[in-house]
Amino acid sequence: MANVAQKYAQALFDVALKAEVLTEVYKEFTEIQTAIQNQKNTLATVDYEPKITANERREMINHIFKGVHPYLMNTLKVIAEQRNFRLLPYIYEAFEANYYTFHGLADAYIESATALSDDEVTQVKHALLDRTGLKDLNVHSTVKPELIGGIRVKIGTKVYDGSIQNDLNQLVKQFSRVY
C-alpha cells in the first residue's frame, strides 16, 4: 500500500517539478489533504462501491476538485479510476516528504518542561539548522512537564534529547549496570 502511494506521489512530484509548478501543486494538495483529513471512511466507500463506474468517479473528481492545477487533477482522476482514492492521505504524505526533501525542509517537534519564549524557539531552531544542515524547519513546540528541565527535539526519526529526565534515565541505567 505504501509502495503504491509512493509511486503516485513520485509521479506527481516529478511532473510538477519538471513543469516548475511544484509549490503551487503542493499548496493545492495541502488544501485538499486538510479538507479530507477526517473522511477516510468516505474515501474507502467510493473505492469499494461496485456500482460507481470509472467514468462516474472521474466526473465526481471533476466536480469536487474543480479548479485545481491540471497535474493534480489528472493524478486525482487516475487515483479514483484505479479505486485507490482511500490512499490519498498516504499519497499526500509521500508527496510532502519529497517536497520537504527537495527544499531542505523538515518538521521539528520541540518538547520542553516549560513554555519557551519566541526568542528561545528561534535560538533552538538556528542551532538545529546548523546541526542538521537543513534550510528551514517548521517548528512545533509543546510543553511536557515530565521532562523536568531542558528540551527534547524530534526531526523525522532523529531525537535530540537534552532533558533532565533523559539524564536521570541514563544515570539509572549506569547504576543498574554496576550492581
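Partly exposed describes a residue whose relative accessible area falls between the buried class, under 20%, and the exposed class, over 50%. The exercises below apply this to charged pairs in a predicted model.

**Exercise 1.** Determine which residue pairs with Glu111 in a salt bridge at 3.9 Å, N to O, and where the two partners lie.

*Solution.* Start from the contact itself: the side chain of Glu111 meets that of Lys154 in a salt bridge, with 3.9 Å from N to O, which fits the cut-off of within 4 Å. Next, place the partners: Glu111 belongs to strand 1 (residues 105-112) and Lys154 to strand 3 (residues 151-155), so that distant parts of the chain, 43 residues apart, are linked. Then classify each one: Glu111, with a relative accessible area of 9%, is buried, whereas Lys154, at 34%, is partly exposed. Finally, widen the view: Glu111 and Lys154 are linked with Arg152 and Asp161 in a network of salt bridges.

**Exercise 2.** Work out which elements are tied together by the salt bridge between Asp136 and Lys125.

*Solution.* The closest N and O atoms of Asp136 and Lys125 are 3.1 Å apart. Because Asp136 lies in strand 2 (residues 136-143) and Lys125 in helix 7 (residues 118-132), the pair ties together parts eleven residues apart in sequence. Asp136 has a relative accessible area of 28% and is partly exposed; Lys125, at 23%, also counts as partly exposed.

**Exercise 3.** Identify the salt-bridge partner of Arg58 and the helices involved.

*Solution.* Arg58 pairs with Glu81, the closest N and O atoms being 3.1 Å apart. Arg58 sits in helix 4 (residues 54-64) and Glu81 in helix 5 (residues 70-81), so the contact joins parts 23 residues apart in sequence.

Terms used:
Residues are numbered from 1 along each chain as its sequence is written. This is a predicted model: local features need pLDDT of at least 70, side-chain atom pairs count only at pLDDT 80 or more; totals for chains, interfaces and linings use all residues. Side-chain values use heavy atoms; hydrogens and water are left out. Helices (H or I, at least four residues) and strands (E, at least two) are DSSP runs, numbered from the N terminus. Buried means under 20% relative accessible area, exposed over 50%, partly exposed in between (1.4 Å probe, protein chains only).
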